[in-house]
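Welcome to a short tour for your viewer. Keep the selection tool at hand, and we will go from stop to stop together.

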Amino acid sequence: MKVASQSIRVGTHSLPAQGGFVHAQRALELLGLASPADWPGYARTHGLIAPERDFGIGPEPTLSLPEFVRLGFGAQTPQARRWQKGAHRLLARMLAGDVRLSAEIAEANPDPQAGRWLHARLENQNARKALMSTVARHGGSQLVYGQLGSISNASVLGMDSATLRQERGVKNTRDGLNTDELLRLSYLESATARAIEERGVHGNAAILVLHRTLAAQERQTWQGRGAAPQGQASQALPPQVG
């Protein structure tokens with residue numbers, strides 16, 4: 001079945017794409033490389049295994065994005081060197097934490113839910129930092145930080161971080177969570193930070209008791225009212241969102 005073609009922006013150029021695979025001939029042209037007459041032989045030589053896709057005139061060779069990047073950095077044409085300079089600038093922006101790059105990536109993502117997930121991921125990061133800062137000001141120390149995370153994960157996710165990372169194939173636990181899970185964690189961590197401040201809780205033991213209590217309440221609310229805490233989470237989160 002033919003899949004509707006998309007496009008991927010590469011600098012000022014737009015490459016036809018389907019499902020994360022770019023049109024091979026157009027990609028090679030962008031890099032200043034000649035399209036080979038013997039594609040199977042070229043693919044074997046360069047270790048290319050991307051499947052063919054129909055862009056309108058029948059099945060044609062494609063490149064996966066990692067394959068395109070590998071060819072781009074290996075080519076020595078003027079076009080490839082220009083692409084390499086742009087790639088180096090992107091990497092430098094990423095290492096510098098340029099949030100505008102994140103915005104550009106989110107805008108380029110065809111999934112309409114991707115922006116919502118990114119928003120929830122950033123909210124969760126802020127909520128986590130706020131909780132850790134509050135705990136430190138109220139006498140928290142050493143193992144309490146990991147224990148707070150374990151309580152949150154067990155309550156919201158039903159598993160520990162190591163199990164989740166293995167099951168969902170991620171290195172960072174939060175990157176493996178869906179939007180609702182991120183919002184639930186943000187709500188719980190924000191609620192605990194606020195309760196610590198309001199009740200004057202101090203010390204590891206008291207902080208953990210409070211967090212377990214709020215975790216149980218959040219879980220009961222979620223189980224009893226479906227997705228209701230999601231809306232509560234959005235209202236309870238601090239407004240510092242990028």
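How many helices and strands are there in the protein? Switch to the cartoon view and count along: there are 11 helices and 6 strands. Bear in mind that what you see is a predicted model.

**The whole chain**

Zoom out first. The C-alpha atoms fill a box of roughly 75 × 40 × 30 Å along the principal axes. The radius of gyration is 24 Å, while a compact globule of 242 residues would have one near 18 Å. Now turn on the surface: about 13,800 Å² is accessible, and 55% of that belongs to carbon and sulfur atoms. Of the 242 residues, 39% are buried.

**Into the largest core**

Next, select Val135, Leu148 and Ile196. These are the residues with the most contacts inside the largest nonpolar core, which has 26 residues. Colour helix 6 (114-137), helix 7 (144-156), helix 9 (179-199) and helix 10 (204-225), since you are looking for their side chains here: each supplies at least two residues of this core. Which helix gives the most to this core? The answer is helix 9, with 8 residues.

Stay with valine 135 for a moment. Leaving aside neighbours within four places in sequence, valine 135 is in contact with Gly140, Val144, Tyr145, Leu148, Ile196 and Ile207. A second, separate core has 20 residues, and you can find it by selecting some of its members, including Val10, Leu48, Leu71 and Ala80.

**Charged pairs**

Now show the side chains of the charged residues. Side chains of opposite charge can pair when their charged atoms come close. The model has 10 salt bridges, and we will visit three of them.

Select arginine 121 and aspartate 175: their closest N and O atoms are 3.0 Å apart in a salt bridge. Arginine 121 belongs to helix 6 and aspartate 175 to the loop between helix 8 (161-168) and helix 9, so this pair ties together parts 54 residues apart in sequence. Is arginine 121 buried or exposed? Arginine 121 is buried, because its relative accessible area is 15%, under the 20% limit. Aspartate 175, at 39%, is partly exposed.

Move on to arginine 137 and glutamate 197, which meet in a salt bridge of 2.3 Å, N to O. Here helix 6 holds arginine 137 and helix 9 holds glutamate 197, so the pair ties together parts 60 residues apart in sequence. Glutamate 197 is partly exposed, with a relative accessible area of 38%.

For the third stop, pick aspartate 98 and arginine 93, whose closest N and O atoms are 3.0 Å apart in a salt bridge. Aspartate 98 is buried at 16% relative accessible area, whereas arginine 93 is partly exposed at 23%. Add Arg100 and Glu104 to your selection: salt bridges that share partners join Arg93, Asp98, Arg100 and Glu104 into one network.

**Out to the surface**

Select Leu91, Met94 and Leu95, which make a nonpolar surface patch of about 340 Å². Methionine 94 is part of helix 4 (residues 78-95).

Finally, where is glycine 32? Look in the loop between helix 1 (24-30) and helix 2 (39-46). Glycine 32 is partly exposed, with a relative accessible area of 29%. Beyond residues up to four places away in sequence, glycine 32 touches Thr77 and Gln79. To finish, draw a distance line from glycine 32 to glutamate 181: their C-alpha atoms are separated by 45 Å.

Methods: Residues numbered from 1 in each chain as written. Predicted model: local features only at pLDDT ≥ 70, side-chain atom pairs only at ≥ 80, totals over all residues. Heavy atoms only, no water. Patch = residues over 30% accessible without salt bridge, like charges linked within 9 Å, V, L, I, M, F, W, Y side chains within 5 Å. Areas by Shrake-Rupley, 256 points an atom, 1.4 Å probe, with all protein chains shown as cover. Salt bridge = Lys/Arg side-chain N within 4 Å of Asp/Glu carboxyl O. Helix = DSSP H or I, 4+ residues; strand = E, 2+ residues; numbered from the N terminus. Buried < 20%, exposed > 50% of the residue type's maximum accessible area, 1.4 Å probe, protein only. Contact = heavy atoms within 4.5 Å. Core = buried A, V, L, I, M, F, W, Y, C linked by side-chain atoms within 4.5 Å. Rg over C-alpha atoms; globule rule 2.2 N^0.38 Å.
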